[in-house]
Amino acid sequence: MTEIEITDSPAISADNLSISFQNGEQVTAAVQNVSFSLQRGKTLALVGESGSGKSVTALSLLKLLPDSARIKGAIYIGDKNIANINDSDMRAIRGNQVGIIFQEPMTSLNPLHRVGDQISEVIMLHRGLRLPQANQRTAELLALVGIKDIEQKICAYPHELSGGQRQRVMIAMALANEPDILIADEPTTALDVTIQQQILTLLKELQTKFNMAILFITHDLGIVQRISDTVCVMKAGEIVESGPTETVFSHPAHEYTRQLLAAELVGSPAECTHSDQLFSTESLKVWYPIHGGVLGRVIDYVKAANDISITLNRGETLGIVGESGSGKTTVGMALMRLITSEGRISFNGQNLNQLKQKQLRPLRREFQIVFQDPYGSLSPRMTVEEIVREGLEIHNIGDPASRQQQVVDVLIEVGIDPDTRHRYPHEFS
Ligand code: ADP
Ligand code: MG
């Protein structure tokens, strides 16, 4: 007698999914012939380099792509083809049956509302709880994702949290209604390893408890190995290899998968070769006042950065590491004089903290910052060319023709096709 294996129907699946974007005459292909299926209680990892189509795939599953997207093939949530689900039913599915954690927390948190209210709203909307119970549940969720000082953070606005804290708020929001399916787009990329471990353990626990299906998007192969049952490797919009995680890791069939695995090896630290001091701080301090009482007087301070003294020599790289919320970004912003700080900041012998903004402007050419959250720092209404060119214009570098060439050159240098420079930030991975 042969045994018949009963397999559940998938919780979510894609069948020959292709997605392109149409802007006027121009058509960009983003995803081609992608198929996968995911059962409840299982984790599928989507891995691949940046721009390979992972986020576009994730957004398409919940009908969250902009109108310019052209979609072929089919997506099923349970046994329903989402093409046949109307907008209001789709909204009910999002945040209830399916939770999503976006790659960019700032795009999905409302900057004008306190984070606690945003989570409570999701809970009240889908669960019909009253405000006090919803707030109670929100506090529990924030504790679950490892937020400390919950009473203070629950009342904070998104910009008052660190990048990692915002990410955790997003995760709390996605898990608020204990969804059947969780789509997580690089949820732990911005987090330090300790918090990352905590979140992965949490996801695993919830998965077992609620028999949740998880679609996990990441470029971190260590995470894939740890949490996923199956893996799909994406490159340039296509799945080039898929299968059980163990098999794919032990016997990668595609050249690209082999490259990915080989690239995981870490090099040894560089040696310091210079002693020509360029940048330094002495007792740098950034304290934010906490107001309280009826008079709104300052009752305490958030010591975002306290007594930081560092030295950076020409030609060297200085690494600042620490857990999420420990003050890394604050130090970076203070060094650039983008926020107010106390203490001495020396650059080429000058104390930047004593210069007026006007005196500082010519020096701004000399030090630049790359922000953690590109979406928060690129103007959504300017094309990429305008954004890159703006700095050249402000500093009066070159003339219109040579600026255009400089923009093209620098885009090539960072690996972006210069023909895409007239696109807006949201049109990029
Ligand atoms: P990733 O694998 O890094 O998540 P994405 O899915 O974000 O990659 O992007 C895949 C491709 O689709 C990229 O080439 C990107 O430029 C393009 N793309 C994404 N969103 C849009 C859009 N709204 N309009 C045009 N092109 C887009
Ligand atoms: Mg992405």
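In the predicted model, helix α7 (residues 163-175) lies across strands β6 and β7, and its direction runs at about 175° to that of β6. The two strands beneath this helix, β6 and β7 (residues 181-185), are paired in the parallel sense over 4 bridges, and within this pairing Ile100 has Ile183 of β7 as its bridge partner.

Strands β6 and β7 belong to an open sheet of 6 strands, arranged in the order β6-β7-β8-β3-β9-β10 and with mixed pairing. The edges of this sheet are formed by β6 (98-101) and β10, each of which pairs on one side only, and the twist from one strand to the next averages 15°. Further along the order, strand β3 (residues 43-48) is joined to strand β9 (residues 230-235) by 5 bridges, the two strands running parallel, and Val47 finds its bridge partner in Val233 of β9. On the other side of β9, the pairing changes sense: β9 and strand β10 (residues 238-244) run antiparallel and are connected by 6 bridges, with Met234 standing opposite Ile239 in β10. The hairpin made by β9 and β10 has 2 residues between the strands, and in this hairpin Ala236 adopts a positive phi near 45°.

A further open sheet is built from 4 strands in the order β2-β1-β4-β5, with antiparallel pairing. Strands β2 (26-38) and β5 (80-81) stand at its edges with a single partner strand each, so that one side of each is left without a neighbour in the sheet. Strand β1 (residues 12-23) is joined to β2 by 9 bridges, in the antiparallel sense, and the bridge partner of Ser13 in this pairing is Ser37 of β2. Helix α1 packs on this sheet, where it touches β1, β2 and β4 (69-77), and the direction of the helix makes about 110° with that of β1.

Helix α1 also contributes to the surroundings of ligand 1: with 3 residues, this helix (residues 54-61) supplies the largest share of the shell around the ligand. In total, 16 residues surround ligand 1, and the closest are Gly51, Gly53, Lys54, Ser55 and Val56. By residue class, the shell divides into 5 nonpolar, 7 polar and 4 charged residues. Backbone atoms take part in the polar contacts of the ligand, as a polar backbone atom of Ser55 lies 2.8 Å from an oxygen atom of ligand 1, and a backbone N or O atom of Val56 is likewise placed 2.8 Å from an oxygen atom of the ligand. A side chain is involved at Arg423, where an N or O atom is 3.2 Å from an oxygen atom of ligand 1. Of the 560 Å² of accessible area that ligand 1 has on its own, the protein covers 89%.

Antiparallel pairing is also found among strands β11, β14 and β15. Strand β11 (residues 277-292) is joined to strand β14 (residues 342-347) by 5 bridges, and Ser280 stands opposite Ser346 in β14. Strand β14 is in turn joined to strand β15 (residues 350-351) by 2 bridges, with Phe347 opposite Gln350 in β15. Strands β14 and β15 form a hairpin with 2 residues between the strands, in which Asn348 takes a positive phi near 50°.

Key
Residues are numbered from 1 along each chain as its sequence is written. Chains are lettered from A and ligands numbered from 1 in the order in which they are written. This is a predicted model: local features need pLDDT of at least 70, side-chain atom pairs count only at pLDDT 80 or more; totals for chains, interfaces and linings use all residues. Side-chain values use heavy atoms; hydrogens and water are left out. A residue is near a molecule or strand if one of its heavy atoms lies within 4 Å of it. A polar contact is a pair of N or O atoms within 3.5 Å; within protein, one must be able to donate a hydrogen and the other to accept it, and residues adjacent in sequence count only if both atoms are side-chain atoms. Accessible areas come from the Shrake-Rupley method with a 1.4 Å probe; for residues, only the protein chains shown count as cover. Ala, Val, Leu, Ile, Met, Phe, Trp, Tyr, Cys and Pro count as nonpolar, Asp, Glu, Lys and Arg as charged, and the others, Gly among them, as polar. Two strands pair if DSSP finds at least two bridges between them. Contact means heavy atoms within 4.5 Å. Axes are lines fitted to C-alpha atoms, for helices over the stretch in contact, and angles run from 0 to 180 degrees between N-to-C directions.
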